[in-house]
Amino acid sequence: RRHTLIYGADSPEPIDEWAFLTPPPPIPGDPVAEILQIMEPVHAVVPLWEYGWTLRVQGQLADSKRCLKMAAQIGEETAQVAIASTAYHQLAVLASMVGDDEESQRLNERSIALNRQGPSVGLVSLWPRIASAFHSLRQGNVDEAEGRLERVLAILGETDAFRNHRNSTDICLGLVRTEQGRLDEAETLIREAMSDAPSLYPYTHVRGLLGLARICHERGDAAGSSEFLRQSLRFAGRRSLLE
């Protein structure tokens, strides 16, 4: 039910009001204990990661951390390196959400290092690399963010697969171009990625809307900027997307 809500289509109509955050539903029972009671550890890694991710984006961080740490631990123990790497990446994002940038960077580097041990070396590192680019941009390191995004694009190559990764990369690159004052190029990158809504991660969907708001602001279009900001709050608020 949470997934259906988070990935559901947004209303395209303009809005005049500012939306509030809808609190997420309560967590029933002990998710880690109950998943491990139902499943053998080797089979529990994916649902632990999946539920941990969902709780993270909806702001229920303590239970999210428990699920993700267990997914990372069992993933390593059972040689499910790709999932363990992804769990460490999500733990890195969680650390960033509570303001621990040093721990976030450490966990993200752990994710990247771990994926080098797996069979699909480059592909598993895509999300950590994209997240690192967003992190670099937040820190004002525009050139560093651009370099990391170029690395992601080099890994993706000409393939039309991994649309979610490519769209997220293009949105982040659009934010980089905005910082560089290349507004037309930035707008093209963001709008083209946003047009592929079914293949768009919720966080980067909101980042795209915020990027378009920033572009309008830079052009002196206060009404357009306000509209995109309201859209971003509506999208995040209805889905309980705390971050």
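**Exercise 1.** Does S240 count as buried or exposed?

*Solution.* The structure is a predicted model. Begin with the position: S240 lies in the segment after α13. Next, take its relative accessibility, which is 3%. Buried means under 20% relative accessible area. S240 therefore counts as buried. A further point concerns the backbone: S240 is a residue other than glycine, yet its phi has a positive value, near 60°.

**Exercise 2.** Determine where A79 is found and whether it counts as buried or exposed.

*Solution.* First, locate the residue: A79 is in the loop between α4 (61-77) and α5 (81-97). Second, compare its relative accessibility of 62% with the cut-off for exposed residues, which is over 50%. A79 therefore counts as exposed. Finally, examine the backbone: the phi of A79 is positive, about 65°, although A79 is not a glycine.

**Exercise 3.** Check the span of helix α10 (residues 163-179) against the expected value, and state how many of its residues are buried.

*Solution.* Start from the 17 residues of the helix; at 1.5 Å a residue, α10 should span 24 Å. The C-alpha atoms at the two ends of α10 are 24 Å apart, so expectation and model agree. Now turn to burial: 15 of the 17 residues are buried, and α10 is therefore largely enclosed by the rest of the structure. After the helix comes G181, with a positive phi near 80°.

**Exercise 4.** Describe how helix α11 (residues 183-194) and helix α12 (residues 202-218) are arranged relative to each other.

*Solution.* Two packed helices are described by the angle between their axes and the distance between the axes. Here the axes of α11 and α12 come within 10 Å and cross at roughly 150°. Angles over 145 degrees count as roughly antiparallel. The two helices, α11 and α12, are therefore roughly antiparallel to each other. Their crossing is left-handed.

The next step is to list the contact residues. From α11 come L183, A186, E187, I190, R191 and M194. They meet H205, G208, L209, G211, L212, I215 and E218 of α12. By character, the residues of this contact comprise seven nonpolar, three polar and three charged.

**Exercise 5.** Which residues does E227 touch, not counting residues up to four places away in sequence?

*Solution.* Place the residue first: E227 belongs to helix α13 (residues 222-238). Its relative accessible area is 15%, so E227 is buried. With residues up to four places away in sequence not counted, E227 touches P14 and I15.

Methods: Residues are numbered from 1 along each chain as its sequence is written. This is a predicted model: local features need pLDDT of at least 70, side-chain atom pairs count only at pLDDT 80 or more; totals for chains, interfaces and linings use all residues. Side-chain values use heavy atoms; hydrogens and water are left out. Helices (H or I, at least four residues) and strands (E, at least two) are DSSP runs, numbered from the N terminus. Buried means under 20% relative accessible area, exposed over 50%, partly exposed in between (1.4 Å probe, protein chains only). Contact means heavy atoms within 4.5 Å. The expected span of a helix is 1.5 Å times one less than its number of residues. Axes are lines fitted to C-alpha atoms, for helices over the stretch in contact, and angles run from 0 to 180 degrees between N-to-C directions. Angles under 35 degrees count as roughly parallel, over 145 as roughly antiparallel, 65 to 115 as roughly perpendicular and the rest as oblique. A crossing is left-handed if the near helix is turned anticlockwise from the far one by less than a right angle, and right-handed if clockwise. Ala, Val, Leu, Ile, Met, Phe, Trp, Tyr, Cys and Pro count as nonpolar, Asp, Glu, Lys and Arg as charged, and the others, Gly among them, as polar.
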